[in-house]
Amino acid sequence: MTLGSTLRSGHGAASTLCRRCLLRSLASRREQIRPIATSFLKTQREAEKRWEERAQLIEQGKIPHLWDVLKDRGYVKDIAGTEEQIRELMRKKRIGAYVGIDPTAPSLHVGHLLPLMPLFWMYIHGYRAISVIGGATAKVGDPTDRLQSREPITKADITMNITKMHYQLKRIWLNVEKQTERFGYKKEPRVWSRALVNNSQWYNSLRFIEVVDRLFKGMRLGPMLSRETVKRKMEKGDGMSLDEFVYPLMQAWDWWHMFEKLGVRMQIGGSDQYGNIVSGIESIKYIRDSERHVMSKMPDDLFHTPVGFTVPLLTDSSGAKFGKSSGNAVWLDQFMTSTFDLYGYFMRRPDADVEKLLKLFTFLPLEEINKIMEEHNQDPSKRHAQHALAYEVVALIHGPEEAKNTQDRHRGLFSKGDTVVSSFPEDRPPTANMASAFQVDIKLPESLILGKSISRILYAAGLADSTSDATRLTQHQGAYIAGAPGQPAAVNKGISYGDLTFTPIKTWFPADTKNFLIDGKLLILRRGKHFIRIIEMISDKEWEESGMMYPGEPGTGRVRLLRDALVRALQDGNVEVDDPELKEKLLDKAEIIYAAKKMQTKLQIPDPHHVQNNRARQILQQSLRFVQQTGPRSAKDKTAAIDEVLGRAQLEMESQDAKQSKKDTKQSKKDAKQSKKDAEQSKKDKNNSEPEKNKPNFTRIRVD
C-alpha cells in the first residue's frame, strides 16, 4: 500500500494525504453511532402495543380522548388543519408537540403559562413534549400584532434572558412531574419524553444556503405580503424590515427541524400565533414534498401531517392583554413578582372568571372543580375557589411547600415571609424550587471580577461557603461557567450569541476571567443543576455608592457584625422601620456604635475590619430594606423599640469587641515575646560575627 493517498474535494481539487491523516479524515466524517440496549427496544415495543390498545379503547368510547379533554377545559381557540386530522393523529400516534418562547424579557409571565398548560397535559398522557427557547429568533423579534419594531437586544441581555427562562422552565417541568404523582398519573419510564431546547443549537451551525434552497425557493411573496401583520405594519406602523418579514419562515424552520429529528407533529401557540402556525404547516409540507433524496422522502399521509392550534387570549377584568408589552405583566420570577403578590393576583379574580381559570391553570379534575365551585357558591365571601386557584398556580411555579406557606400568609395564619435563599444550601438537598428563591442576577465590583481568583468570585456570589470551599469545588469540577466547552480559560472564546453552554471551572489566573465576560460586563456561574448566578460587573465607585457588600469583601468584617446584630434584633422585636425619621435615628446611632472602637484606637494604623463611616452607613441602610415585619403602631412605641434594638446591637458589638480585644492582646503578647527572642538571637549572632580583639588581622597573599 502506498504511503500517500489522493482525495478529491468538493471543488474538484486533488489533495495528497499521508496514511495517518487519511484515516483521521475518514474517522471524522463517520457519523457517531450510539448503541441501543435491547431492553430499551423491548420497552418501546411494549409501549407501542399499549398505545394501540389505548387507541382501540378511545375508539370504543371506553376512555376519553385527550383532544376532548383539552376542548372541555377551554384550551382550544383556532385550529390549523382539520379537527378530524388532529383527533386521529393523537389517537393513533404518540406524536410530539412543542411550544416556543422568545427570550425578549428576563422572565416568563402568566401569559406564557397558558400555551404551556396543554403541552403539560399532553406530556402526562404520554405524548412527547418539547419547549423551545428562541435564542436565535429573539434576535429578530416576532412582529405579530406590533406597529413598532422591537428594540435590538444586546448579547448580554439576551444571554441573561435565555439563562433565566431556561431554569424557570426547568423548574416548572419538575413541578409538573410532581403533579402527575399527586393526581394519580403513572409515569412510564423511558417512554414519556420531554425536552427543553434552544433553537440556537441548530441555527448556529446551519448553512444559510440550505434554508434558501429548501424553504425560501418554495415561498411566494404574494401570500406573505397579504398577511394582516405585514399590511398593518406597512400601512400604520414603522414599516417591515426584511428580518421581520422572514420571521415566520424562521419559526417554520424550527418546526421542520423538530418535525424531522424529534417527530414533532403539533405546534401550540398563543392566540396571536395562528398565522405563524399556518405558515409553518405550509412550509413543512413544501420541504417534505420537495425532498430530493429518495431514502429521506416522507410520505404524504396522516402520520406525516403537521397540525396545530392556539389557546384563548388571556385578559384582565378590563379586557387588557396580559403580557410583557402591556405593562401589567404578572411575572413568574419571584424577585419580579413575589409569591405573595402572585397568589394575591389570582385571589383578586372575579367570581365569574374563577371557574374558567381553574380549568385553564390547574390539573384538578373537572369533577373536583365542580365541587370547589359548589362550596364557593355557598359563601362567596370566603373566596374558597380563588384560594384553590392561587394555591395550584403557585405550586406549579414555585412548588407545593412555597404555595402552602403563601396560602397561610394570605389566610392570616402564622407563617414565615417569602422564602429567600442567599447562598448554596450545604445542609439540605439543593432542589429546583429552592433555587427559585435564590436570586439569579446580582452585581459585583470590577476589582473582584478582574483582580481576584475565581474561588473568591464563587464565594462572593454565594455559590460556596468560603474561598477554601470554592477551591475544593473547582478542583473537583463541581462548578461551571458560561463559555465555550472544551477550551482552556486562557484562550476561551466565550459562548456564542444566543446560545447557552457551560464548561467546568478550573483554577486559572485572575486575568483569564475576562475571557468569559459577555459584552464585557456579564458573567454566568452555576453550581449543581439549578443554582445560577448572573453577575453584572460594575465599577468600584458604583459598588461603593450602592451600599451593598459581598461575602469576603475586605474591610467589612465589623460592619457585617453590626448589620447582622441589627437585623436580628429588629426581627426578634417585630419592629418595622418604614418611618424615615425613625430610620435616620436608627442609622445615626448605629453609625456611632460602629465608630466607637475606631475612636478608642490609639494606634493610627489601618484596621482590616473597618471601612469608612459613610460606607458603613450605606451598607446598614441597604440591609434595612429586607426587614419586613409588622411592629408597634405608635411613634412612641416605635422609638422605644428601636432604642431596645440599638441596645441589643451595642451589647453584641461590645461582646464581639471584647472577644477581639482579648484575642488581639494574646496575639500582642505572643508577638512581643517573639520580638524579644528575635532581638536576643540577633545580638548573639552579631557578637559571634565580631573579630576577637587579641587575634591579629592579616591578609593572605599568594606569591608565585
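**Exercise 1. Strand partners at the edge of a sheet**

Task: In this predicted model, identify the bridge partner of Ile79 in β8, and then place β3 within its sheet.

Solution.
Step 1. Ile79 is bridged to Phe309, which belongs to β8.
Step 2. The pairing of β3 with strand β8 (residues 307-310) is antiparallel and extends over two bridges. Two bridges suffice here, because a pair of strands is accepted when DSSP finds at least two bridges between them.
Step 3. The sheet is open and has six strands, ordered β3-β8-β7-β4-β5-β6, with mixed pairing.
Step 4. The edge positions are held by β3 (79-80) and β6 (194-198); each has a single partner strand, so one side of each lacks a neighbour in the sheet.

**Exercise 2. The surroundings of strand β13**

Task: Determine which strands are joined to β13 by bridges, and decide whether β13 is largely enclosed or open.

Solution.
Step 1. Strand β9 (residues 441-445) runs parallel to β13, and five bridges join the two. Within this pair, Lys443 has Glu536 of β13 as its bridge partner.
Step 2. Strand β12 (residues 522-527) runs antiparallel to β13, with six bridges between them. Here Leu523 stands opposite Ile535 in β13.
Step 3. β12 and β13 form a hairpin with three residues between the strands, and in this hairpin Gly528 adopts a positive phi near 70°.
Step 4. Strand β13 comprises residues 531-538, and seven of its eight residues are buried; the strand is therefore largely enclosed by the rest of the structure.

**Exercise 3. Salt bridges and the segments they connect**

Task: For the pairs Arg50 and Glu188, Lys233 and Glu244, and Arg288 and Asp300, state which parts of the chain are connected and how accessible the residues are.

Solution.
Step 1. The structure contains 21 salt bridges. Side chains of opposite charge can pair when their charged atoms come close.
Step 2. Arg50 and Glu188 form a salt bridge with an N to O distance of 2.5 Å. This pair connects distant parts of the chain, since Arg50 is in helix α2 (residues 38-59) and Glu188 is in the loop between α6 (155-182) and β6, 138 residues apart. Arg50 is partly exposed, at 40% relative accessibility.
Step 3. In the salt bridge of Lys233 with Glu244, the closest N and O atoms are 3.2 Å apart. Lys233 belongs to helix α10 (residues 228-236) and Glu244 to helix α11 (residues 242-245), so the pair ties together parts 11 residues apart in sequence. Both Lys233 and Glu244 are buried.
Step 4. For Arg288 and Asp300, the closest N and O atoms of the salt bridge are 3.1 Å apart. Arg288 lies in helix α13 (residues 274-289), and Asp300 in the loop between α13 and β8, so parts 12 residues apart in sequence are tied together. Arg288 is buried, with a relative accessible area of 3%, whereas Asp300 is exposed at 59%.
Step 5. A network of salt bridges links Glu59, Glu88, Arg91 and Lys92.

**Exercise 4. Charged and nonpolar patches on the surface**

Task: Name the residues of the negative surface patch and of the nonpolar patch, and locate Asp540 and Leu221.

Solution.
Step 1. The negative patch consists of Glu446, Asp540, Glu542, Glu544 and Glu545.
Step 2. Helix α23 (residues 540-546) contributes the most to this patch, with four residues. Asp540 is situated in that helix, α23.
Step 3. Asp540 has 32% relative accessibility and counts as partly exposed. Asp540 can enter the patch because the cut-off for membership is over 30% relative accessible area.
Step 4. The nonpolar patch is made up of Leu221, Leu225 and Met234, which together have about 310 Å² of accessible area.
Step 5. Leu221 is part of helix α9 (residues 221-225) and is exposed, with a relative accessible area of 55%.

**Exercise 5. Positive phi outside glycine**

Task: Describe the backbone and setting of Arg383 and Gln477.

Solution.
Step 1. Arg383 is not a glycine, yet its phi is positive, at about 50°. Arg383 sits in the loop between α16 (366-378) and α17 (384-398).
Step 2. Arg383 has a relative accessible area of 26% and is partly exposed.
Step 3. Gln477, also a residue other than glycine, has a positive phi near 55°. Its place is the loop between α22 (467-475) and β10 (479-482).
Step 4. Gln477 counts as partly exposed, at 36% relative accessibility.

Conventions. Residues numbered from 1 in each chain as written. Predicted model: local features only at pLDDT ≥ 70, side-chain atom pairs only at ≥ 80, totals over all residues. Heavy atoms only, no water. Patch = residues over 30% accessible without salt bridge, like charges linked within 9 Å, V, L, I, M, F, W, Y side chains within 5 Å. Areas by Shrake-Rupley, 256 points an atom, 1.4 Å probe, with all protein chains shown as cover. Salt bridge = Lys/Arg side-chain N within 4 Å of Asp/Glu carboxyl O. Lys, Arg positive; Asp, Glu negative; His and termini not counted. Charge placed at Lys NZ, Arg CZ, Asp CG, Glu CD. Buried < 20%, exposed > 50% of the residue type's maximum accessible area, 1.4 Å probe, protein only.
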